[in-house]
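Biologist: Before we start, please show me the chain, and then let me ask why each term is used.

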Amino acid sequence: VSFDAFFEGLDVPDPKPYLLRRRNEYEPFEKEEAVGFLYHAILNGSVSNVAVQAVVLDLQPGSQREAVTTDGYEFKYLLKGEVEYQLGADTIVMRQGDSLFFDGRIPHVPMNRTQEPASMLVLYLLPANGNGS
């Protein structure tokens, strides 16, 4: 797949071989009923038959929600803080710089049990006709 195919269909006012988004351009949103979860959309696009979503997820201390599933694969990279990631029956402690890749059909939830905010980069790789969670 050519690099240009990734940008196909994206609203790019000045066509260049890259897409730059400034932090103040990230769009905050909520995905599910949750306390202390704030998502910031960075990029939505598709390559061939795979939809790619990139978000930054800020987790406040004491954040909570039920475990969820998605229709694709997920990649998590912890930018800041410490997070307990419940993935199926496993609990994984992630610290700054750690990454995790898994099948989103496994029930999962990140938990910030510390007194400091945590932040992670999340990449969703979903079937192009899928809708995520």
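Modeller: Let me begin with a term: on a 1 Å grid over the protein atoms alone, a cavity is a set of points where a 1.4 Å probe fits but cannot get out, and its lining residues are those with an atom within 4 Å of a point. The points are joined across faces, edges and corners, and the volume is the space filled by probe spheres set on them. This is a predicted model, in which local features need pLDDT of at least 70 and side-chain atom pairs count only at pLDDT 80 or more, while totals for chains, interfaces and linings use all residues. Residues are numbered from 1 along each chain as its sequence is written, and side-chain values use heavy atoms, with hydrogens and water left out.

Biologist: How many cavities does a search of the whole structure find, and how much space lies in the largest cavity?

Modeller: The search finds one cavity of 30 Å³ or more, and the space in the largest cavity comes to about 70 Å³. Its lining is made of 15 residues, of which Tyr39, Arg65, Glu74, Lys76 and Tyr124 are the closest to its centre.

Biologist: Which elements give two or more residues to that lining, and what kinds of residue make it up?

Modeller: Strand S4 (73-80), strand S8 (108-111) and strand S9 (118-127) each give two or more residues, where a strand is a DSSP run of E of at least two residues and a helix a run of H or I of at least four, numbered from the N terminus. The lining holds seven nonpolar, three polar and five charged residues, with Ala, Val, Leu, Ile, Met, Phe, Trp, Tyr, Cys and Pro counted as nonpolar, Asp, Glu, Lys and Arg as charged, and the others, Gly among them, as polar. The chain itself has one helix and nine strands.

Biologist: What makes Tyr124 a buried residue?

Modeller: Buried means under 20% relative accessible area, exposed means over 50%, and partly exposed is in between, with a 1.4 Å probe and protein chains only. The relative accessible area of Tyr124 is 4%, so Tyr124 is buried. This residue lies in strand S9, and its C-alpha is 5.0 Å from that of Gln53, although the two are 71 residues apart in sequence. Across the chain of 133 residues, 36% count as buried.

Biologist: Why are His108 and Met111 given the label buried?

Modeller: His108 has a relative accessible area of 1% and is therefore buried, and Met111 counts as buried because its value is 14%. His108 is placed in strand S8, as is Met111. The C-alpha atoms of His108 and Leu87 are separated by 4.5 Å, with their positions 21 residues apart along the chain, and those of Met111 and Gly62, 49 residues apart along the chain, by 7.4 Å.

Biologist: How do you know that Lys76 and Glu74 form a salt bridge?

Modeller: A salt bridge is a side-chain nitrogen of Lys or Arg within 4 Å of a carboxyl oxygen of Asp or Glu. The N to O distance between Lys76 and Glu74 is 2.7 Å, and their side chains meet in a salt bridge. Both residues are buried. The whole structure has four salt bridges.

Biologist: What makes the pair of Arg95 and Glu82 another case?

Modeller: Their closest N and O atoms are 3.4 Å apart, and Arg95 forms a salt bridge with Glu82. This pair links distant parts of the chain, 13 residues apart, with Arg95 in strand S6 (residues 90-95) and Glu82 in strand S5 (residues 82-87). Arg95 is called partly exposed because its relative accessible area is 47%, and Glu82 is likewise partly exposed at 30%.

Biologist: Is Arg105 buried or exposed, and where does Asp103 fall?

Modeller: Arg105 has a relative accessible area of 55%, so Arg105 is exposed, whereas Asp103, at 19%, counts as buried. The side chains of Arg105 and Asp103 meet in a salt bridge, at 2.5 Å from N to O.

Biologist: Why is Pro28 called exposed?

Modeller: Pro28 is exposed because its relative accessible area is 57%. Pro28 lies in strand S1 (residues 27-29).

Notes: 1 Å grid on protein atoms, 1.4 Å probe; cavity = no way out; pocket = protein on both sides within 12 Å on 5 of 7 lines; lining within 4 Å.
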